[in-house]
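Reader: I have a chain open here and want to talk it through. Can we start with the surface and work inwards?

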Amino acid sequence: MIPTPPFAMASATPAPSSRAARRDADRARKRAARQALREAGAPDPRQLDGAIVDALRDAILAPSGQGGAMLRYVEVKAVIKGARERLRGRANGGVALRQAAIYEALGERLVGSRPATPQD
């Protein structure tokens, strides 16, 4: 008979108590991250994505007029400006959004983090 390795005896799924603990820890971590965004005056990710999508839609469909034709390309500057205008005067959890935080959030969402370039 072939001996069974000790890890095979363990269940493939974690115990319910550890799953619940991880779930609770994840919820607390996300709650703290959302609170930090609120305190910084930054838009919620859903607000940010909604503003970007609305601005993109408006940029594509704006010049269509009666023909209903859509543009094949749009200027990124117009999309960013439209998203920024949609977020102006809005609040996140009762805290007014700050323009600097909006600019930073838009840049991070659209461009993302860039890897550091080596200095010669």
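**Surface, fold and core**

Author: About 9,500 Å² of the chain is exposed, and carbon and sulfur atoms supply 57% of that. Accessible areas come from the Shrake-Rupley method with a 1.4 Å probe, and for residues only the protein chains shown count as cover.

Reader: Anything I should know about the model itself?

Author: This is a predicted model, where local features need pLDDT of at least 70 and side-chain atom pairs count only at pLDDT 80 or more, while totals for chains, interfaces and linings use all residues. Residues are numbered from 1 along each chain as its sequence is written, and side-chain values use heavy atoms, with hydrogens and water left out.

Reader: How many helices and strands are there in the chain?

Author: Five helices and two strands, in the order α-α-α-α-β-β-α along the sequence. Both are DSSP runs numbered from the N terminus: helices are H or I with at least four residues, strands are E with at least two.

Reader: What share of the residues is buried?

Author: 18% of the 120 residues. Buried means under 20% relative accessible area (1.4 Å probe, protein chains only).

Reader: Which residues make up the largest nonpolar core?

Author: There are twelve, among them Leu-48, Ile-52, Val-79, Leu-87, Ile-102 and Leu-106. Such a core is a set of buried Ala, Val, Leu, Ile, Met, Phe, Trp, Tyr and Cys residues joined through side-chain atoms within 4.5 Å. H3, helix H4 (76-87) and H5 each give two or more residues to this core, and H3 has the largest share, with five.

Reader: At what angle do H3 and H5 pack?

Author: About 75°, with the axes of H3 (residues 45-61) and H5 (residues 99-110) 11 Å apart. That makes the two helices roughly perpendicular, a label for angles of 65 to 115 degrees. Axes are lines fitted to C-alpha atoms over the stretch in contact, and angles run from 0 to 180 degrees between N-to-C directions.

Reader: Which residues make the contact?

Author: Leu-48, Asp-49 and Ile-52 from H3, with Ala-105, Leu-106, Arg-109 and Leu-110 from H5. Contact means heavy atoms within 4.5 Å.

Reader: And what does Ile-52 touch?

Author: Leaving aside neighbours within four places in sequence, Ile-52 contacts Val-79, Ala-83, Leu-106, Arg-109 and Leu-110.

Reader: New topic. Is Asn-92 buried or exposed?

Author: Buried, with a relative accessible area of 8%. Asn-92 sits in strand E1 (residues 91-92). Not counting residues up to four places away in sequence, Asn-92 touches Leu-37, Arg-38, Ala-42, Pro-43, Asp-44, Gln-47 and Leu-97.

How values were computed: Angles under 35 degrees count as roughly parallel, over 145 as roughly antiparallel, 65 to 115 as roughly perpendicular and the rest as oblique. Buried means under 20% relative accessible area, exposed over 50%, partly exposed in between (1.4 Å probe, protein chains only).
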